[in-house]
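Please look over the sequence and the model shown here. The paragraphs that follow lead through charged pairs, aromatic rings and nonpolar residues in turn.

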Amino acid sequence: MLTTDEEIGGFRGVQQLLDAAGYRGSLAFVPDGGWDAPWSIEHDAKGMCLARASAAGRSTHSSRLWQGKNAVLLLADFATELDRSMRERYPHTGDDHWHPTLNIGAFNGGHAPNQVPDHAELAFDVRYTTPKEQEDIATLIEEVAGRHPGVTWTFEAIEPSCHLDPGNDYAVRWRELATELHGIETGGTRSHGSSDARHFARHDIPTLVVTPRGGGAHGEHEWISLPDLDRYYTVLAAWVRDCATA
């Protein structure tokens, strides 16, 4: 597959090829991953939920606050409690922070400083490590929303977490070839971010995600080591030939 839209979700690339065109396989290879751990095979990647919440209030002039209900304050109270509840349920322990997180990414409400807003809306991003955690977090959000009358919420997208068994035959052969050809010892890593691997996960297709040495991802000075890219190419070519004749 040669696709161009991974950075905006992969919905018209990999997902389209899997869902509409029916692509299937025993394993997918995705040349992605974190450059903080080059050549490490991604064993796990967090899932992602994109959600939106809104609050309905009652508008009035700011000189008569008692006649209205401020939707911004209603939603801010919900957001504050939700953030606190998530941190209490899933404390930030361990250097790798392998736990669920929640980020309030956007908050909008009101039109003028002298008007009590009757509507407010926020968008938030949840990252989780297992399907069970995703279910538990949905329950937690519902419980918090239930304590804030006037607030409603919904998941706009639920993207699965990913897992690759280190003993997968294709992954084992990749490690062997990296060592045989270039003396590279590949380790394992876990990703807080997401990639096209999640689209394969929906179809129970394991994904081998590994990247060569580089840095500055998504920044002005993003770079990749050309000698290491050449090594990566030779391992990939040998691995493809090996898999094709197995």
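Asp136 is partly exposed, with a relative accessible area of 26%, in a model that is predicted. The figure of 26% falls between the limits of 20% for buried and 50% for exposed, which means that Asp136 belongs to the intermediate class. Its side chain meets that of Lys132 in a salt bridge, with 2.9 Å from N to O. Both residues lie in helix H3, 4 residues apart, or about one turn of the helix.

This bridge belongs to a wider set, for the structure holds 13 salt bridges. Another of them joins Arg173 to Glu176, whose closest N and O atoms are 3.1 Å apart. These two residues are 3 residues apart in helix H4 (residues 169-182), and therefore about one helical turn separates them. Glu176 has 35% relative accessibility and so counts as partly exposed.

Arg173 also forms a salt bridge with Asp242, at 3.2 Å from N to O. Here the partners come from distant parts of the chain: Arg173 sits in helix H4 and Asp242 in helix H6, 69 residues apart. Asp242 is partly exposed as well, its relative accessible area being 27%. Which residues are linked in a network of salt bridges? The members are Arg173, Glu176, Glu180 and Asp242.

Helix H6 also contains Asp228 and Leu226. Is Asp228 buried or exposed? With a relative accessible area of 3%, Asp228 is buried, because this value is under 20%. Leaving aside residues up to four places away in sequence, Asp228 touches Trp39, Pro212 and Arg213. Leu226, by contrast, is exposed, with a relative accessible area of 60%. Together with Ile224 and Leu229, Leu226 forms a nonpolar patch on the surface, and the three residues have about 250 Å² of accessible area together.

The aromatic residues come next. A pair of aromatic rings is described by the distance of the centres and the angle of the planes. A search of the whole structure finds 9 aromatic pairs. One of these is formed by Phe29 and Tyr232, which are tilted, with 6.3 Å from centre to centre and 50° between the planes. This pair, too, links distant parts of the chain, since Phe29 is in strand E1 (residues 28-30) and Tyr232 is in helix H6 (residues 226-245), 203 residues apart. Tyr232 is buried, with a relative accessible area of 5%. The rings of Trp153 and Phe155 have their centres 4.9 Å apart and their planes at 85°, so this pair is edge-to-face. Phe155 is buried, with a relative accessible area of 19%. Phe29 and Tyr232 also belong to one aromatic cluster with Trp39, Tyr170, Trp174 and Trp239.

The last topic is the nonpolar interior. The largest nonpolar core has 26 residues, and those with the most contacts inside it are Leu75, Phe78, Phe124 and Ile141. At least two residues of this core are supplied by each of strand E3 (47-56), helix H2 (71-89), strand E7 (119-128), helix H3 (131-146) and strand E8 (151-159). What does Phe78 touch, not counting residues up to four places away in sequence? Its contacts are Ala53, Leu122, Ile141, Val144, Ala145, His148 and Val151. A second, separate core has 16 residues, among them Phe29, Leu164, Ala171 and Ala178. Phe29 thus appears both in this second core and in the aromatic cluster described above.

Notes. Residues are numbered from 1 along each chain as its sequence is written. This is a predicted model: local features need pLDDT of at least 70, side-chain atom pairs count only at pLDDT 80 or more; totals for chains, interfaces and linings use all residues. Side-chain values use heavy atoms; hydrogens and water are left out. A nonpolar core is a set of buried Ala, Val, Leu, Ile, Met, Phe, Trp, Tyr and Cys residues joined through side-chain atoms within 4.5 Å. Buried means under 20% relative accessible area, exposed over 50%, partly exposed in between (1.4 Å probe, protein chains only). Contact means heavy atoms within 4.5 Å. Rings of Phe, Tyr and Trp (its six-membered ring) pair if their centres lie within 6.5 Å; planes under 30 degrees apart count as stacked, over 60 as edge-to-face and the rest as tilted. Patches are made of residues with over 30% relative accessible area and no salt bridge: like charges are joined within 9 Å, nonpolar side chains (Val, Leu, Ile, Met, Phe, Trp, Tyr) within 5 Å. Accessible areas come from the Shrake-Rupley method with a 1.4 Å probe; for residues, only the protein chains shown count as cover. A salt bridge is a side-chain nitrogen of Lys or Arg within 4 Å of a carboxyl oxygen of Asp or Glu.
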